[in-house]
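Got the viewer open and a selection tool handy? Let's walk through this one stop by stop, picking something out and looking at what sits around it.

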Amino acid sequence: MSDDGIVCRCEEVTLGEVRRAIREGAVDVHGVKLRTRAGMGLCQGRTCENLVARILMSELGIPRERVFPDRVRPPVISLTFGALAGEPK
Amino acid sequence: MSRTADALVIGGGVIGSAVFYYLSKEGVRAALVERGDICSGTSGACDGNILSIDKEPGYDSQLALLSQRLLRELVAELDCDVDYTQRGSVLVVEPDARQEAMARDWMRRQKEAGLPMRYIEGREVFESEPLLARDVIGLVECASDSSLSPLALTFGLVEAAKRLGGAVYPRTEIRELLRDRAGSIRGARSSTEEFAAPRVILAAGVWTPHLAGTVGLDVPIQPRKGHILVGERTPDLGRRKLQEFGYLMAKFGQKGVRGVEPAMEESGVAMVYEPTGHGNFLIGSSRQFVGFDTQCDLEVLRLLAKRALRFFPSLRNMKVIHSYAGLRPWTPDHYPIVSAVASIPGLYIAAGHEGDGIGLAPITGRLLSEMITGRMTAMSVDPLRLERFDDGAEKSASH
C-alpha cells in the first residue's frame, strides 16, 4: 500500500504519517493517535483502530495484544451536551 | 549499562521537552528519560491554552506574556505544524454587580501590568460572540492569548532536540537519583541502567515529589485532577477562547463567590471553551484533589456539560465525542517551581505549573537553560525558587 493511502478517514491521516509516527517512537495505538490524530475524530477510532494496530504489528513485529493500551474513555458512543447534562428532550 | 550526559532531564511532558530543547539548542549534551511514551501523562490530557489573562496581575502575568513571545519564536523554529492561532481570549461576565466590579478591576490591573486588555460591553458583546447566553453583560478580553496543540508542541520539541543531538530514552522509569560523597548530584538509576550526569532536571510534574523523595527532598506539588469534554467538529461556537469570569475563583480556590450549585463548587467546575486548530472544541474545566486517579467521573462530566449550557444554550444539540482527565501539578502558591536546589548542587526542578504548563513551557525551558549555562536569566527567578516554601529544604542528609 502506498504512503498516500488514508488510514483514518475522520482526521485524514495517511499511512505515511502513521509510519512516521512509529519511526518517531510510537509503539501502540495510543502513541500513534497522539502523534497523528488517527482515532481522534467523530468515530473515535471505530474504523481505523484495527488498521493502525495492523500497521504497528507489521512495522514493529510485535503481537496484537501489545499494541492496544487498556483505556476506555466515556462516552462510548457520542451524545449531545443536552443529554449529558441530563436535560429533558 | 551506563550512559552519560551533561544534563539529564527526567520527564517527557511539555516542560521536560522544552527544557530538553532549550538545552540542546545551547549546545549542552542533554538526555531525556520518560517512564512511558513522550506526552503520555498530563501534557497528553490537557488543553492548549497560552494564556496571560488568568494569571495574577504582576510577575505571574508578565512571565506568561514573555512566554507567549518566546512561543511565537519557537513556532517558527520547530519544523512542524503545532496548530498555533492567536485569536485572543475573553472572560465572560455574568449579570452580577460584584462580579462585574471584580472583572473591571482585574482588567485594569492586568492593563497596568502591560497586558493588551480591554472591557467589552453592550451590543459589542454579541457582535463579537453571537452564540453567548443573552444575559451576559460583559467580556474582559486579552488580545495576546493564543492556543495550539499541546501534543504537537511536545512532540515537536522532542524531535527538534533530537535533530540537535539530544538523546531520548522512552519507557525508562527512573527509580532513584544518585549523589556523590560531597552530596552533589551525579545521575540517576532506572531498573536496568545508570545515567551519569552532573546536572539532573526533575520535570516530572505530579510525579516530581516521588523522585525528589529519593534524595530526601520535599517538593510540595499535589495532583489536581481536571476533566475535559471534546465536542464534534462544528462551525465556531465562540470565536475566541472563552471562560467564565468565575473560572478565576475556581482556579484560586475561592468558594461561595459564584452562586453555583454545591456539587459544582465541590468539583471546581467552571466553564472554559477552546476552539481547536482542527475544528473541534474542548469544554472544561474541573479541579479536584483526588489522588492519582485519571478515570473520567461521569458526574463531573455531567456538571461540565451543564455549566457550558449556561453560557452556550445552542450547545444543547451538539455532540460530545470524547472525554479525558489529567493530573495538574498544583503548588500552594500557584506559581511553578523553576529552580536550582540549594541543598543539592546539580539538581534542578522544573515542575508545578498546574494548568499553565503548555503556556509556560517556553519560558521554563529558556530560564532553566540560562541557569544551567550560567547566563543572566530573562526574568528574575526568585519567585520561582523551591526554597520559598517553608518546608522546602532538605528533610535529612541521607545518601
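## First stop: A:Glu49

Select A:Glu49 and show what surrounds it: leaving out residues up to four places away in sequence, A:Glu49 touches A:Val29 and A:Gly39. Keep in mind from here on that this is a predicted model. A:Glu49 belongs to helix 3 of chain A, which covers residues 49-60. Is A:Glu49 buried or partly exposed? It counts as partly exposed, because it has 19 C-beta neighbours inside 10 Å, and the buried class begins at 20. Now add A:Val7 to the selection and draw a distance between the C-alpha atoms: A:Val7 and A:Glu49 are 42 residues apart along the chain, and the separation is 9.0 Å.

## Zoom out to chain A

Colour chain A by secondary structure and you should find 4 helices and 3 strands. Trace chain A along the sequence and the pattern reads β-β-α-α-α-β-α. The C-alpha trace of chain A spans about 50 × 25 × 20 Å along its principal axes. Of the 89 residues in chain A, 36% are buried. If you like contact maps, look at the pairs in chain A with a separation of 6 or more: 45% of those contacts are between residues 24 or more positions apart.

## Cross over to chain B

Next, select strand 3 of chain A, residues 79-80, together with strand 18 of chain B: the two run antiparallel and are joined by 2 bridges. One pair to label is A:Leu79 with its bridge partner B:Val320 in strand 18 of chain B.

Now widen the selection to the whole contact between the chains. How many residues of chain B are in contact with chain A? There are 28, and they meet 21 residues of chain A. On the chain B side, the elements giving two or more residues are helix 5 (150-163), helix 9 (298-311) and strand 18 (319-330). Helix 9 of chain B supplies the largest share, 7 residues. Colour that side of chain B by residue type and you get 16 nonpolar, 5 polar and 7 charged.

## Follow the sheet that spans both chains

Stay with strand 18 of chain B and walk outwards along the sheet. This is an open sheet of 9 strands with mixed pairing, in the order 3(A)-18(B)-14(B)-17(B)-16(B)-15(B)-5(B)-7(B)-6(B). Its edges are strand 3 of chain A and strand 6 (117-121) of chain B, each pairing on one side only. Helix 9 of chain B packs on this sheet, touching strands 5, 14, 15, 16, 17 and 18 of chain B, and its direction makes about 60° with that of strand 14.

Further along, pick strand 5 (residues 89-93) and strand 7 (residues 138-142) of chain B, an antiparallel pair joined by 5 bridges. Label B:Leu91 here and you will see it stand opposite B:Val140 in strand 7 of chain B.

## Colour chain B by domain

The domain assignment splits chain B into domain 1 (2-45 + 151-220 + 333-388) and domain 2 (89-143 + 222-330). Their C-alpha centres lie 31 Å apart. Where the two touch, domain 1 of chain B gives 10 residues and domain 2 of chain B gives 12. The domain 1 side of that contact divides into 3 nonpolar, 6 polar and 1 charged.

## A second sheet

Select strands 1, 12, 11 and 10 of chain B: in that order they form an open sheet of 4 strands with mixed pairing. Strand 1 (2-4) and strand 10 (174-179) of chain B are the edge strands. Neighbouring strands in this sheet are turned by 25° against each other on average, direction ignored. Strand 10 pairs with strand 11 (residues 185-190) of chain B over 5 bridges in the antiparallel sense, and B:Leu177 has B:Ala188 as its bridge partner.

## Last stop: helix 1 of chain B

Finish on helix 1 of chain B, residues 14-25: its 12 residues reach 16 Å from first C-alpha to last, close to the 16 Å expected. How many of the 12 residues are buried? The count is 11, so to speak of this helix as mostly covered is fair. Among the buried residues are B:Val14, B:Phe20, B:Tyr21 and B:Leu23. The cover over the buried residues of helix 1 includes strand 2 (7-10), strand 3 (30-33), helix 5, strand 13 (199-202), strand 20 (347-351) and helix 10 (357-372) of chain B. Just after helix 1 of chain B, click on B:Gly27, which takes a positive phi of about 85°.

Technical notes:
Residues are numbered from 1 along each chain as its sequence is written. Chains are lettered from A and ligands numbered from 1 in the order in which they are written. This is a predicted model: local features need pLDDT of at least 70, side-chain atom pairs count only at pLDDT 80 or more; totals for chains, interfaces and linings use all residues. Two residues are in contact if their C-beta atoms, placed from the backbone, lie within 7 Å. Ala, Val, Leu, Ile, Met, Phe, Trp, Tyr, Cys and Pro count as nonpolar, Asp, Glu, Lys and Arg as charged, and the others, Gly among them, as polar. Two strands pair if DSSP finds at least two bridges between them. The expected span of a helix is 1.5 Å times one less than its number of residues. Domain bounds come from an automatic or database domain assignment. Axes are lines fitted to C-alpha atoms, for helices over the stretch in contact, and angles run from 0 to 180 degrees between N-to-C directions.
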